[in-house]
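Visitor: I am new to this structure and would like to learn how to read it. Could we go through it feature by feature?

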Amino acid sequence: MNKPLRRIAIFCGLLVLALLIRDNWLQYVKADALREDPDNRRVLIARYATPRGDIIVDGKAITGHAETTSGDFKYKRTYKDGAMWAPVTGFVSQAYGATQLESIEDGILTGTDDRLFFRNTLDMLTGKPKEGGNVVTTLNAAAQKAAYQGLKKQGGKGAVAAIEPSTGKILALASYPSYDPSTIAGGSDSDAEAWKKLDKKSNPDDPSLNRALREVYPPGSTFKVVTAAAALENGLYKSADEKTDSPLPWTMPETTTQLKNEGNIPCKNATLRVALQYSCNTVFGKVGSDLGNDKMLEEAKKFGFTEEQFTPVRSSASVFSDDMNPSQTALSSIGQYNTAATPLQMAMVASAVANNGTLMKPYMVDSLQAPNVDTLEKTEPEKMSEPLSPENAQILQSMMETVVQKGTGTTAQIDGVTVGGKTGTAQHGENNSKNPYAWFISYAKVGDSAPVAVAVVVQDDNAVRENISGSGLAAPIAKSVMEAVIDSKK
């Protein structure tokens, strides 16, 4: 072979080699990136070419699908009682992507998860269309309905989280105001208009905000349960009925400011039981100050504060600050200053107390199913921490039960059921200029079992300020949720 032909052959060989390298690079190295590229239209067309699997509550689908009448996408998502379930499902949209369970479990729901590989291969050989699997939740439909309708009836903004204390299963997760994910599931002009209405700039009510998981509020007096736990765990006081060292008035350390109580209530040297019953700021503020920032922070962390929770949907981290002086620690210990919590976090507090001091990791996905409903993955309950010894948890239970029997939480009483709770009215706005948040956390016990713990927060900007209280606004909602769970287990 002459020299020019040899050079041409070598050059052509290099071109072929480069083509092979490029082809393998695209098929193997870049395959995942190309598949997930939002500009890859083929991927999107394939995603909506078959019906999506369902999200299941109490054995029934709360999602569905419908055929579209135009465009490249054959199917779109539908939702049953979409506004009620939006904090659980999130949305999946042809135009706007996916959130929450719809996003996290997208592989199962679309049938593209690697665990479905062999089934998909068999279906391809037999000519059967690909199907999506199902996400089975821990939610209780009756509890969710009670939570959502209670918030809706109240008419302001708010959220509810309910947990099964012994396992950590999330039983209810409601947020109000809400939105119907069906209205943004397609790519039409009407979907675009519905999407615009979810923009916080055009709609200050922010209906797409998952207030149960993503919003942190000052917890007010509900945080006194954490402070009481810290007092017992650190041996500051050893029983519910021991007199505390709580002068009245009490001036916060390093200041000339007296910490005030609400009304003329018996807080001077009150026992922890009486202090929780009447919600004494002076007692719990001084307890927090006496224990100090480090011990209060340590106890708050045991309940889950300062860390995000993954249910698997992410919940914002609740806040208890470090490096505070004694007066700041006092205010934080009654749920003010920098202290802030999600409703899920405060349900975790009530849950740990009800479960004799053991906090279980909260979760809302019970199992993942293949299209033939075979179980691919099952969530097992997992202990998260032990904020309290069993003995101290039972002391705190007796205190919370006194709150409901004859304290600030009597509106949560249920015939034949032992209920423990704590009300809270948390300051809102600069210098407490806006209507406060109304809180209630609670648990219900039937015999020796505690099937549910609940946290409710309500923000009603239109209510008469003097009428806002945890007992008046939040406790009735918690009661209805607890009743729904108890009735569903009969």
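Visitor: Which way do the residues of strand 7 point, and are they buried or exposed?

Guide: This is a predicted model. In a regular strand, side chains alternate between the two faces of the sheet. Strand 7 covers residues 134–137; N134 and V136 point one way, while V135 and T137 point the other way. All four of these residues, on either face, are buried.

Visitor: Which strands does strand 7 pair with, and in what sense?

Guide: Strands of a sheet pair through backbone hydrogen bonds, and the pairing is either parallel or antiparallel. Strand 7 shows both cases. Strand 1, residues 55–57, runs parallel to strand 7 and is joined to it by two bridges. Strand 15, residues 365–369, pairs with strand 7 in the antiparallel sense, over four bridges.

Visitor: Which residues stand opposite each other in these pairs?

Guide: Towards strand 1, V135 of strand 7 stands opposite I55. Towards strand 15, N134 faces Q369, and V136 has S367 as its bridge partner.

Visitor: What is the order of strands in the sheet, and which strands stand at the edges?

Guide: The sheet is open, has five strands in the order 2-1-7-15-16, and its pairing is mixed. Strand 2 (60–61) and strand 16 (375–378) are at the edges; each has a single partner strand, so one side of each lacks a neighbour in the sheet.

Visitor: How many disulfides are there, and which residues form them?

Guide: A search of the whole structure gives one disulfide. C267 and C280 form it, with their sulfur atoms 2.1 Å apart. The angle about the S-S bond is -85°, and the link is left-handed.

Visitor: Which parts of the chain does the pair tie together?

Guide: C267 is in the loop between strand 11 (258–259) and helix 11 (272–278), and C280 is in the loop between helix 11 and helix 12 (281–291), so the link ties together parts 13 residues apart in sequence. Both C267 and C280 are buried.

Visitor: Where does another cysteine, C12, fall on the scale of exposure?

Guide: C12 is partly exposed, because its relative accessible area of 38% lies between the cut-offs of 20% and 50%.

Visitor: Where is S221, and is it buried or exposed?

Guide: S221 is in the loop between helix 9 (189–197) and helix 10 (224–233). Its relative accessibility is 11%, so S221 counts as buried, the cut-off being under 20%.

Visitor: What is S221 in contact with, leaving aside its neighbours within four places in sequence?

Guide: S221 is in contact with S279, N281, I334, K422, T423, G424 and T425.

Visitor: How many cavities of 30 Å³ or more does a search find?

Guide: The search of the whole structure finds two. The largest cavity has a volume of about 120 Å³. It is lined by 14 residues, and those closest to its centre are R47, Y48, T50, P51 and R52. Helix 3 (41–47), strand 4 (75–79) and helix 6 (106–110) each give two or more residues to this lining. Strand 4 has the largest share, with three residues.

Visitor: What volume does the second largest cavity have, and which residues line it?

Guide: Its volume is about 50 Å³. The lining residues include A86, P87, Q100, Y179 and N210.

Visitor: What classes of residue make up the two linings?

Guide: The lining of the largest cavity has six nonpolar, three polar and five charged residues. The lining of the second largest cavity has six nonpolar, five polar and no charged residues.

Notes. Residues are numbered from 1 along each chain as its sequence is written. This is a predicted model: local features need pLDDT of at least 70, side-chain atom pairs count only at pLDDT 80 or more; totals for chains, interfaces and linings use all residues. Side-chain values use heavy atoms; hydrogens and water are left out. A disulfide is a pair of cysteine sulfur atoms within 2.5 Å. Buried means under 20% relative accessible area, exposed over 50%, partly exposed in between (1.4 Å probe, protein chains only). Two strands pair if DSSP finds at least two bridges between them. Contact means heavy atoms within 4.5 Å. On a 1 Å grid over the protein atoms alone, a cavity is a set of points where a 1.4 Å probe fits but cannot get out, and a pocket is an open set with protein on both sides within 12 Å along at least five of seven lines; lining residues have an atom within 4 Å of a point. Grid points are joined across faces, edges and corners, and a volume is the space filled by probe spheres set on the points. Ala, Val, Leu, Ile, Met, Phe, Trp, Tyr, Cys and Pro count as nonpolar, Asp, Glu, Lys and Arg as charged, and the others, Gly among them, as polar.
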